[in-house]
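Please read the following note alongside the sequence and the model. The points are numbered for ease of reference.

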Amino acid sequence: MKPGRWISSLLAALVAGSASAHAFLDHARPAVGSVVHAAPERVEVWFSEDLEPAFSTLKVMNAAGKQVDKMDKSVPGGDRSRMSVSVNALPPGNYRVRWRAVSVDTHVTQGDFTFEIAP
């Protein structure tokens, strides 16, 4: 293999390896974009990588933008790829979940999703 190709291959492998080290949202409960008929007691999110709990956040907001969770975000049961927050009694309506995940290798990702509680 020519030296230039070897270096290009090495750089491509390094970039691919570092890209996979980010904690991306894998799934959530309630599910992303779902309509549920019973208000959840907790909102839970799972990520593709382990998190640094002290630097990761999870918030639930109502349609008016008011935070409606109990601000007790945790990484329950020793599963560092999962965050959970309990919520107050939620009436029917639309809710937005905002998360910020700092993976154990310090990469930061963030995002949000919605779910609806139907009457």
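**Notes on the predicted model**

1. Asp69 is found in the loop between strand E4 (57-62) and strand E5 (82-86). Strands (E, at least two residues) and helices (H or I, at least four) are DSSP runs, numbered from the N terminus. The model is predicted, so local features need pLDDT of at least 70 and side-chain atom pairs count only at pLDDT 80 or more, while totals for chains, interfaces and linings use all residues. Residues are numbered from 1 along each chain as its sequence is written, and side-chain values use heavy atoms, with hydrogens and water left out.

2. Which side chain of opposite charge is nearest to Asp69? It is Lys59, 7.5 Å away, and Asp69 is buried yet has no salt bridge. Buried means under 20% relative accessible area, exposed over 50%, and partly exposed in between (1.4 Å probe, protein chains only). A salt bridge is a side-chain nitrogen of Lys or Arg within 4 Å of a carboxyl oxygen of Asp or Glu. Lys and Arg count as positive, Asp and Glu as negative; His and the chain ends are not counted.

3. Asp69 does have a polar contact, formed between its side chain and the side chain of Gln67 (3.0 Å). In addition, a polar atom of the Asp69 side chain lies 2.7 Å from the backbone nitrogen of Met71. A polar contact is a pair of N or O atoms within 3.5 Å; within protein, one must be able to donate a hydrogen and the other to accept it, and residues adjacent in sequence count only if both atoms are side-chain atoms.

4. The count of aromatic pairs comes to two. Rings of Phe, Tyr and Trp (its six-membered ring) pair if their centres lie within 6.5 Å; planes under 30 degrees apart count as stacked, over 60 as edge-to-face and the rest as tilted. The Phe47 and Trp99 rings have centres 5.1 Å apart and planes at 70°, so this pair is edge-to-face. Phe47 in strand E3 (residues 42-47) and Trp99 in strand E6 (residues 93-102) are 52 residues apart, and the pair links distant parts of the chain. Phe47 is buried, with a relative accessible area of 5%, and Trp99 is buried at 8%.

5. Tyr95 and Phe115 form a stacked aromatic pair, 5.6 Å centre to centre with 25° between the planes. Tyr95 lies in strand E6 and Phe115 in strand E7 (residues 108-117), so the pair ties together parts 20 residues apart in sequence. Phe115 is buried, with a relative accessible area of 1%.
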